[in-house]
Amino acid sequence: VTAEYRVTGMTCQHCVAAVTEEVGSIEGVSGVAVDLQPEGESVVQVTSAVALADDDLAQAIEEAGYTLVR
């Protein structure tokens, strides 16, 4: 399953690394790609074995210091 999510607050490659690490640690996630948009909403593409619960994804993104746009 591949899904895209919008995230605010990301401004640099350090942000990308933090989100990639946190989201990548969710059970079942096999890939994370980020299209960084420093002035707006970045797009985080997540590939996983099963569809992820929005709450799990939001928690991982918040743990990295950013906000999932719902």
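This is a guided tour of the structure above, stop by stop, with a selection to make at each one.

**Before you start**

The model is predicted, so local features are described where pLDDT is at least 70, side-chain atom pairs count only at pLDDT 80 or more, and totals for chains, interfaces and linings use all residues. Residues are numbered from 1 along each chain as its sequence is written, and side-chain values use heavy atoms, with hydrogens and water left out.

**Stop 1: the whole chain**

Select the protein chain and colour by secondary structure. There are 2 helices and 4 strands, where helices (H or I, at least four residues) and strands (E, at least two) are DSSP runs numbered from the N terminus. Along the sequence the pattern reads β-α-β-β-α-β.

Along the principal axes, the C-alpha atoms fill a box of roughly 30 × 20 × 20 Å. The radius of gyration of the protein chain is 11 Å, which agrees with the value near 11 Å for a compact globule of 70 residues. That radius is taken over C-alpha atoms, and the globule rule is 2.2 Å times the number of residues to the power 0.38.

Now switch on the surface. The accessible surface comes to about 4100 Å², and 45% of it belongs to carbon and sulfur atoms; areas come from the Shrake-Rupley method with a 1.4 Å probe, and for residues only the protein chains shown count as cover. Of the 70 residues, 34% count as buried. Buried means under 20% relative accessible area, exposed over 50%, and partly exposed in between (1.4 Å probe, protein chains only).

**Stop 2: the sheet**

Select the strands, E1 to E4. In what order do the 4 strands form the open sheet? The order is E2-E3-E1-E4, with antiparallel pairing; two strands pair if DSSP finds at least two bridges between them. E2 and strand E4 (67-68) stand at the edges with a single partner strand each, so one side of each is left without a neighbour in the sheet.

Next, narrow the selection to E3 (42-48). E3 is mostly covered, with 5 of its 7 residues buried. Strand E1 (residues 2-8) runs antiparallel to E3 and is joined to it by 6 bridges. E2 and E3 also pair in the antiparallel sense over 6 bridges.

Pick out these bridge partners in E3:
- Gly 31 has Thr 47 as its partner.
- Thr 2 also stands opposite Thr 47.
- Ala 33 has Gln 45.
- Asp 35 has Val 43.

**Stop 3: the hairpin and Glu 39**

Follow E2 into E3: a hairpin of 6 residues joins them. Select Glu 39, which lies in the loop between these two strands. Is Glu 39 buried or exposed? Glu 39 counts as exposed because its relative accessibility is 82%. Draw a distance to Glu 4, 35 residues apart along the chain, and the C-alpha separation is 18 Å.

**Stop 4: Val 29**

Move to Val 29, in strand E2. At 15% relative accessibility, Val 29 counts as buried. Leaving aside neighbours within four places in sequence, Val 29 is in contact (heavy atoms within 4.5 Å) with Val 23, Gly 24, Val 46, Thr 47, Ser 48 and Leu 52. From Val 29 to Val 1 the C-alpha distance is 9.4 Å, with their positions 28 residues apart in sequence.

**Stop 5: the helices**

Select helix H1 (residues 13-24), which lies across E2 and E3 and runs at about 160° to E2. Axes are lines fitted to C-alpha atoms, for helices over the stretch in contact, and angles run from 0 to 180 degrees between N-to-C directions.

Add helix H2 (residues 54-64): H1 and H2 pack at an angle of about 145°, with their axes 8 Å apart. Show side chains for Ala 18, Val 19, Glu 22 and Val 23 of H1, and for Leu 57, Ala 60, Ile 61, Glu 63 and Ala 64 of H2, which make the contact.

**Stop 6: Ala 51 and the long-range contacts**

Finish at Ala 51, in the loop between E3 and H2. Ala 51 is exposed, with a relative accessible area of 60%. Ala 51 and Val 1 are 50 residues apart along the chain, and their C-alpha atoms are separated by 6.1 Å.

For a last view, turn on contacts for the protein chain. Among those between residues at least 6 apart in sequence, 61% join residues at least 24 apart.
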